[in-house]
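I opened this notebook to look up the salt bridges of one model. The entries follow the order in which I worked.

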Amino acid sequence: MKRTVTVEYGDEVLLALGVSPEQFGQELKLLTAIKLYELGRLSAGAAASLAEMPKPVFLSKLADYGVVSFDLTEEELRQDMAHAPSHQ
C-alpha cells in the first residue's frame, strides 16, 4: 500500500531552487531516502524504493550528497553480487 505525505511550501522555494514542483517532489523523496539510509533506518534497497529508482542508481547518487555508499551488510553485498550481470 502506498501512502502520501504532504509538504507545504511557497513558490519562493521553487524559485530559489530553480525547479518545477515535480522536480522538487522527486528531490524531496531522494533526500529523505538518502538521509534514512545514512542513519541506518532503511536498507539501500528500501531507500531506493522510497526514492523510486533502481538500487544501483540510488547508490550512485549517494556520493553526490557526501554519503558513503559502501556501508552494505555482507548479506546485501552478497545479494548484489548474485544479481550483477557477468562480464566475461
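Does E52 count as buried, partly exposed or exposed? I worked on a predicted model and found that E52 has 48% relative accessibility, so E52 counts as partly exposed.

Entry 1, the total. I searched the whole structure and obtained three salt bridges.

Entry 2, E52 and K2. I noted a salt bridge between E52 and K2, with the closest N and O atoms 3.9 Å apart. I placed E52 in the loop between α3 (44-50) and α4 (55-62) and K2 in the segment before α1 (11-17), so the pair ties together parts that are 50 residues apart in sequence. I then looked up K2, which counts as exposed because its relative accessibility is 70%.

Entry 3, E52 and K29. I recorded that the side chains of K29 and E52 also form a salt bridge, at 2.7 Å from N to O. This pair links distant parts of the chain, 23 residues apart: K29 belongs to helix α2 (residues 21-38), and E52 to the loop between α3 and α4. I read a relative accessible area of 29% for K29, which means that K29 is partly exposed.

Entry 4, K35 and E38. I found the closest N and O atoms of this salt bridge 3.1 Å apart. Both residues lie in helix α2, three residues apart, about one turn of the helix. K35 is partly exposed at 44% relative accessibility, and E38 is partly exposed with a relative accessible area of 41%.

Entry 5, shared partners. I traced the salt bridges that share partners and found K2, K29 and E52 joined into one network.

Definitions and conventions:
Residues are numbered from 1 along each chain as its sequence is written. This is a predicted model: local features need pLDDT of at least 70, side-chain atom pairs count only at pLDDT 80 or more; totals for chains, interfaces and linings use all residues. Side-chain values use heavy atoms; hydrogens and water are left out. Helices (H or I, at least four residues) and strands (E, at least two) are DSSP runs, numbered from the N terminus. Buried means under 20% relative accessible area, exposed over 50%, partly exposed in between (1.4 Å probe, protein chains only).
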